[in-house]
Structures are given as C-alpha cells and as structure tokens.
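Trainee: I would like to learn how to read a structure one feature at a time. Could we go through it together?

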Amino acid sequence: MPPAPIAPAERTKNIKYAVRDVLALADEAKARGLDLLHLNIGDPNIYGFSPPAAVAEAAIRAIHDNLNGYAPSDGTTAALSAIREDAEARGVKAIQHIAITSGCSEAIEIALSALVNAGDRVLVPAPGYPLYTAILAKLDAVAVPYHLDEANDWQPDVEEITGLLAAPAKALVLINPNNPTGSVTPREVLEQIVAACKATGTVLFADEIYDQLVLSGEAPPPIGSIDAEVPVVTFNGLSKAYVAPGWRIGWGIVSGPKEVVGEWCEAMAKMERARLSANHPLQHAIPVALQQKHPEIEAMRDALRIRGRLISDRLNAIPGITSVAPKGAFYAFPSINLGVDDCTFCAKVIQETGAIIVPGSGFGQKQGTEHFRVVFLPNEDILSRACDGIAAIAAHFQSQGA
Ligand SMILES: Cc1ncc(COP(=O)(O)O)c(C=O)c1O
C-alpha cells in the first residue's frame, strides 16, 4: 500500500506570507526572459547597502576570538547592558526584562506565546506586518484588526481602538514606523493609544524595528517612554538600519511595573531557556552598533529620502493610482482604483514587466480597497523602470474599464 499523504495541522491553514508568495510568478517571468526588478523584500543588502563597517568588524572579531559557543539564554552581558543603556537613554522606563533573540521575529513569537491563550483577542494594525497574524493563527488566538486611515496619513483611529478595547484584549500591536505603509505615528497619537491601553489593562507591543529610519518630520518617542505604568514590550534589532537581517539578531525589552509584568517575564525567560540561545558571536556586534555613531546609517537615510520621494511622485502621476507619501521605513502602500483587485493587478505587473510588487491583501486592507506594497530600497533607475511598468499595466486596466 502506498504511504498515505501526511495531513498538515489545521493551524497552518491560515498562515500566508504574501511577500514570498509572489516569487513563483516572478520565477515564471524570469524563465520567459524578463529582467526582474525586486520591489518586494525589505532586505537592504540586496540593494547595495551593507552593515556599518565597525559593526561588521565586531562580528568577525567575535568569530575569530572563538566566541562561537552558546550564549546565555537571554543574551551576553555586554549586549544586554548596551540595549538597556540605549533604551534608558531614549527614555524607556521601568525595564524589567530584555532578551536577545533570533531576529526581532523570535522576540515577537516568544512574547506572544508567553502571553496569549487560545481565543484571546489581540489588536493588530491593518495594514500591518503579517507575522503577527501568522503567530496568532498558530496560537489559536484572535487577531482583531484596527484600521490605519489612508485619508489621514495612515494614522490609527483612536476612537476605533477605544471601541475595540471595550471587549477585553490581551495586547495591541503598534508598528512605528509602519510596514507596509511607511507611516510614522506622532507623539500625541501614541499618548492617546497608551492611555487607552492603560485604561483597559492591555499590553502594548511596540515594534520599533524601523525607528532609525524616520525620513521626514519629527522622530516619535519610543512607546515605552510614555508611561512607566503601562506594560510595553519593545522590539528592535540589527535587521534594518544596521543592514544585517541575515544575522538574525533582534531583541525584546519588557517595561512596566514589576508586579504587573513579572510573571509574564518569567514565562518568557522559560521559553528563552528552552531554545538555549540566540546566535552568539553576532551578539558581540550589538554594543558597537548601539554605542557608536555610524555615518552609513545617515547615508542610508539620505538615499531613502530621495527614493521615497521619487516613488511617491512617480506613482501619484499614474492615473488610477494614489500613494500617501511615506515618512519612514522603506515602504509605500499605494491604492489602485482601476476596477481590478490587488492580486490580479500585481500578478499582471510581475508577469508582464518583471517588477515584483506585493498585493495589499497580504498585509490587511480595508474591505473594498485595493493596494500594493512597494519597497523603495532599489536605486533610482530600478524604481523608475518599475514605475514605467506599473504605469503601463495601469493604463491597460484603465482602457479595459473605459
Ligand atoms: C515591522 C516588522 N517587524 C519585524 C520584522 C522582522 O524582523 P527580523 O528580521 O529582525 O526578524 C520585520 C521584517 O520585515 C518587520 O517589517
């Protein structure tokens, strides 16, 4: 008898990752001879950026010095102190626990897994980074979307959040600057959200992995600096501004009253011990990353300012497409009003022009709206050619609709 196919667990059925799902279409386009333009992955390395020299040197030195064994489960002493000092210097109050993890992704997974039970509600931004909903699906918890308002620079609607928090929620996720919209939420809105969480005993998940990539306007404060009485877990790491996503080095910082967060921190610490440690030698790059100035990061911000403006100007000039100007990170999330859905539009752009863009539904979008996400890390020539392709496909759908 032939072996029966193995049925995957039900919990995997709702896990989607649009950023990589488009690659099958791209492979097909490449096989047909098209030159691919990657506007799909938030990895600065593939666009000519590289880690600050001093940070890379510290990592290499650690390997040569044979710091290649396991690290303590929460991280090396020097790296933990550097993270604490940096956070405290930026005003984060009442830090109770820090853990260095395999990318900021693992910190998010540990913090959620140690907090939510099956059926618990967690508020997530829509649009937002899809890892949160993927982990919540795995935990059989309920991801409750709160919407970012495109007409208001993609800001959260505090009234909607307050309404959603009327029913108990374990946590609220805030990504600032946001992926995929490139929006930056200012202090006054953060203060209102922190107050809403305080009033309802909701934990704030502050994903600040793009905090050094604010491209215009005032940099917002860390959410953990706003009110020491509110439990916050702040995520950050070396993946974006330090251009080292492949190192898989991130961290989570839990702050808030000890008597409130203590047991949760202990549950996280148990999970950290169970998986032994994060990558050890590369943790030795953390103090250098956080304690020195890196001109490479300033240069990256300068390049991104130009590229963000270019993508926004070019997309807004296309009939049927409007794009809120991004203020941070390296993403824009234009809307399509062309009588087609986002997946059809993106598939045609990829198949016919080789420009890889990702459908907005992969990040959560308001019903009845259609978007796509572009990464504006590529140089001006690539962005410009991608916009030519997007414009041609938009014109095609416009002529069909007419
Ligand atoms: C908002 C956000 N959070 C977390 C991550 C994951 O970061 P890491 O590569 O450090 O796991 C990403 C990666 O794109 C992201 O955009």
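Trainee: Which residue takes a positive phi just after α6?

Mentor: Keep in mind throughout that this is a predicted model. As a general idea, most residues other than glycine have a negative phi, and most peptide bonds are trans. Here Asp140, just after α6, takes a positive phi of about 55°, although Asp140 is not a glycine. The residue lies in the loop between α6 and β4, and because Asp140 has 13 C-beta neighbours inside 10 Å, it counts as partly exposed.

Trainee: Where does Arg248, with its positive phi, have its place?

Mentor: Arg248 is in the loop between β8 and β9, and its phi is near 55°, a positive value in a residue other than glycine. With 18 C-beta neighbours inside 10 Å, Arg248 counts as partly exposed.

Trainee: What should I look for in the peptide bond from Ala126 to Pro127?

Mentor: Look at omega, which is near 0° for the bond from Ala126 to Pro127, so that this bond is cis. Pro127 lies in the loop between β3 and α6. A cis peptide bond also joins Asn179 and Pro180, where omega is about 25°, and Pro180 is found in the loop between β6 and α8 (187-200).

Trainee: At what angle do helix α5 and helix α6 pack?

Mentor: In general, two packed helices are described by the angle between their axes and the distance between the axes. For α5 (residues 103-113) and α6 (residues 131-138), the angle is about 40° and the axes are 10 Å apart; the two helices are therefore oblique to each other, and their crossing is right-handed. On the α5 side the contact is made by Ser105, Ile108, Glu109 and Leu112, and on the α6 side by Leu131, Tyr132, Ile135 and Leu136. Sorted by class, the residues of this contact between α5 and α6 are six nonpolar, one polar and one charged.

Trainee: Which residues of α6 are buried, and what covers them?

Mentor: The buried residues of α6 are Leu131, Tyr132, Thr133, Ile135 and Leu136. Their cover includes helix α5 together with the strands β3 (121-126), β4 (142-149) and β6 (171-175).

Trainee: How many residues of α5 are buried?

Mentor: Ten of the eleven residues of α5 are buried, so this helix is largely enclosed by the rest of the structure. Among the buried ones are Gly103, Cys104, Glu106 and Ala107, and also Ser105, Ile108, Glu109 and Leu112, four residues that take part in the contact with α6. What covers the buried residues of α5 includes β2 (95-102), α6, β7, β8 (232-237), β9 (249-255) and α9 (258-274).

Trainee: Which residues of β7 are buried on each of its faces?

Mentor: The general idea is that in a regular strand the side chains alternate between the two faces of the sheet. In β7 (residues 203-207), five of its five residues are buried: Val203, Phe205 and Asp207 lie on one side, while Leu204 and Ala206 lie on the other. Both faces of β7 are thus covered.

Trainee: How many bridges join β6 to β7, and do the strands run parallel or antiparallel?

Mentor: Strands of a sheet pair through backbone hydrogen bonds, either parallel or antiparallel. Strands β6 and β7 run parallel and are joined by five bridges; within this pairing, Leu172 has Leu204 of β7 as its bridge partner.

Trainee: In what order do the strands of the open sheet with β11, β15 and β14 stand?

Mentor: The order is β11-β15-β14, and the pairing is antiparallel. Because β11 (331-332) and β14 (358-359) stand at the edges, each with a single partner strand, one side of each is left without a neighbour in the sheet. Between β14 and β15 (residues 372-375) there are two bridges in the antiparallel sense, and Val358 stands opposite Arg373 in β15.

Trainee: At what angle do α12 and α13 pack?

Mentor: Helix α12 (residues 342-353) and helix α13 (residues 380-401) pack at about 125°, with their axes 10 Å apart; they are therefore oblique to each other, and their crossing is right-handed. In this contact Phe345, Lys348, Val349, Glu352 and Thr353 of α12 meet Gly389, Ile390, Ala392, Ile393 and Phe397 of α13. By class, six of the residues are nonpolar, two polar and two charged.

Notes. Residues numbered from 1 in each chain as written. Predicted model: local features only at pLDDT ≥ 70, side-chain atom pairs only at ≥ 80, totals over all residues. Axes fitted to C-alpha atoms, helices over the stretch in contact; angles between N-to-C directions. Parallel < 35°, antiparallel > 145°, perpendicular 65-115°, else oblique. Left-handed = near helix turned anticlockwise from the far one by under 90°. Contact = placed C-beta atoms within 7 Å. Nonpolar A, V, L, I, M, F, W, Y, C, P; charged D, E, K, R; others polar. Buried ≥ 20, exposed ≤ 12 C-beta atoms within 10 Å, placed from the backbone. Pairing = 2+ DSSP bridges.
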